[in-house]
Amino acid sequence: MGHKTLVDFDLDRYLRNSRKVDLADIEWDRVADHPLSDGDVMCLHYMMDIETHTVIYLRDLLATRVAADPQITAFLSCWVYEELWHGEAFADFLRAYGIEVPAEPKLPDGSTPLPTHPNRWRDLRVSIGVGNGLGIVPTMIGSMLTRDFAAIHMMWGAVNELTTLTGYHALIRRCEHPVLHQLLRKVIQDERRHFAFYRAQARARMERSRVARGLVRWVMSNLWTPVGAGVKTEEEVDALALYLFGNSPEGLAHAREIDDTVVEVPGLEGLTLIQDYLDGAQARAAARPGWAGVASTSAPLRANDGSPTPRHWATVGAGRDDLPD
Ligand SMILES: [Fe+2]
Ligand SMILES: [Fe+2]
């Protein structure tokens with residue numbers, strides 16, 4: 001292993017090459033020629049909304065000590081720009097397919113002015129109080145308490161980017177729309193770079209600090225929520241998670257892939273964030289027929305390894321009995 005505080009990411013190269021996702025090769029005129037399932041459309045709305053919400057997440061990040069780090073703020077400047085265009089890409093795709101909720105005003109030539117969906121966004125941000133999983137006040141207090149706090153944001157960001165890009169792979173697997181496949185593969189290339197930055201930052205901070213390792217482990221074990229929670233309802237988050245990662249060996253393999261990558265970061269050994277979330281979503285769906293649009297006959301998760309049913313399903317909010325103290 002190299003120097004302990006090395007951030008293994010070529011930031012100079014990222015900054016110089018950052019650009020709007022290039023969708024010139026996408027066959028936009030063929031978007032309406034192929035069907036999408038209701039689940040696919042749900043995923044696209046979720047993804048569009050979350051990509052567009054990135055700027056609010058940025059605001060919360062900049063209220064913390066990470067604002068003092070020039071490497072991080074340089075990255076964030078390009079990152080938020082790239083994410084804006086991901087949101088617009090999904091909006092363009094849905095509009096080309098014939099879906100626009102709510103309908104937005106058009107210019108006289110029929111084009112849609114940028115940014116698209118201002119009404120959708122104004123309504124959503126007002127109704128949720130412009131928040132997310134990392135609310136601004138606790139974020140600011142926590143930021144004053146410890147210099148290791150930035151590691152939490154970097155690891156949280158890494159998991160967000162990893163679940164996003166894995167979710168895009170999972171949607172490619174679930175849906176057969178060839179043009180959507182083209183679009184998702186383009187966006188995934190950006191998300192891979194985003195993930196690499198956040199992971200490298202988190203890893204460097206956690207390798208050099210036992211306090212950072214403990215803090216991040218505690219936060220991820222006790223406070224972590226999937227990307228989109230707080231913007232989307234619990235049922236919407238569950239629906240997305242189960243559609244993409246639940247109820248099939250392939251979906252579960254994607255979930256394990258995320259967890260296996262997270263545990264490679266020092267301090268996070270043994271965590272199973274995504275599989276635990278899926279267990280919870282599955283339990284909610286089993287307890288309430290129709291929840292998250294899941295048929296009640298769904299096969300249980302983790303049926304393949306013969307292990308007992310995880311007990312923390314029944315103790316939401318209580319201590320975690322599936323993790324060492
Ligand atoms: Fe994105
Ligand atoms: Fe991203």
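Which residues in α2 meet which residues in α10? In this predicted model, the α2 side of the contact consists of Gly39, Asp40, Met42, Cys43, Tyr46 and Met47. Their partners in α10 are Glu236, Val237, Ala239, Leu240, Tyr243 and Leu244. By class, the residues of this contact divide into nine nonpolar, one polar and two charged.

The geometry of this helix pair was then computed. Helix α2 spans residues 38–52, and helix α10 spans residues 234–245. Their axes come within 10 Å and cross at roughly 120°. Angles between 115 and 145 degrees count as oblique, and α2 and α10 are therefore oblique to each other. The crossing of α2 past α10 is left-handed.

A second helix pair lies further along the chain. Helix α11 covers residues 249–262, and helix α12 covers residues 273–287. The two axes come within 7 Å, with a crossing angle of roughly 140°. Helices α11 and α12 are therefore oblique to each other. From α11, the contact draws on Leu252, Ala255, Arg256, Ile258, Asp259 and Val262. From α12, Leu273, Ile274, Gln275 and Leu278 take part. Seven nonpolar, one polar and two charged residues make up the contact of α11 with α12.

The model also holds two iron ions, ligand 1 and ligand 2, which are 3.5 Å apart. Glu83 coordinates both.

For the iron ion (ligand 1), the protein donors come from Glu51, Glu83, His86 and Glu191. Glu51 is listed with two OE donors. Glu83 and Glu191 each give an OE donor, and His86 binds through ND1. These donors lie 1.9 to 2.4 Å from the ion. Along the sequence, the donor residues of ligand 1 are spaced E-x31-E-x2-H-x104-E. Glu83 lies in helix α4 (residues 70–97) and Glu191 in helix α8 (residues 178–208), so this pair ties together parts that are 108 residues apart in sequence.

For the iron ion (ligand 2), the donor residues are Glu83, Glu161, Glu191 and His194. Here Glu161 is listed with two OE donors, whereas His194 uses ND1. Glu83 and Glu191 each appear with an OE donor. The distances run from 1.9 to 2.7 Å. The spacing of these donors along the chain is E-x77-E-x29-E-x2-H. Glu83 in helix α4 and Glu161 in helix α7 (residues 149–174) link parts of the chain that are 78 residues apart.

Are these glutamates buried or exposed? Glu83 counts as buried, at 3% relative accessibility. Glu161 is also buried, at 4%. For Glu191 the relative accessible area is 0%, again buried. The cut-off for buried is under 20% relative accessible area.

Away from the donor list, Arg65 was examined as well. Arg65 sits in the loop between α3 (54–62) and α4. With a relative accessible area of 46%, Arg65 is partly exposed. The C-alpha atoms of Arg65 and Asp148 are separated by 9.2 Å. These two residues are 83 positions apart along the chain.

Conventions:
Residues numbered from 1 in each chain as written. Chains lettered and ligands numbered in written order. Predicted model: local features only at pLDDT ≥ 70, side-chain atom pairs only at ≥ 80, totals over all residues. Heavy atoms only, no water. Donors = N, O, S within 2.8 Å, 3.2 Å for Na, K, Ca; no water. Helix = DSSP H or I, 4+ residues; strand = E, 2+ residues; numbered from the N terminus. Buried < 20%, exposed > 50% of the residue type's maximum accessible area, 1.4 Å probe, protein only. Axes fitted to C-alpha atoms, helices over the stretch in contact; angles between N-to-C directions. Parallel < 35°, antiparallel > 145°, perpendicular 65-115°, else oblique. Left-handed = near helix turned anticlockwise from the far one by under 90°. Contact = heavy atoms within 4.5 Å. Nonpolar A, V, L, I, M, F, W, Y, C, P; charged D, E, K, R; others polar.
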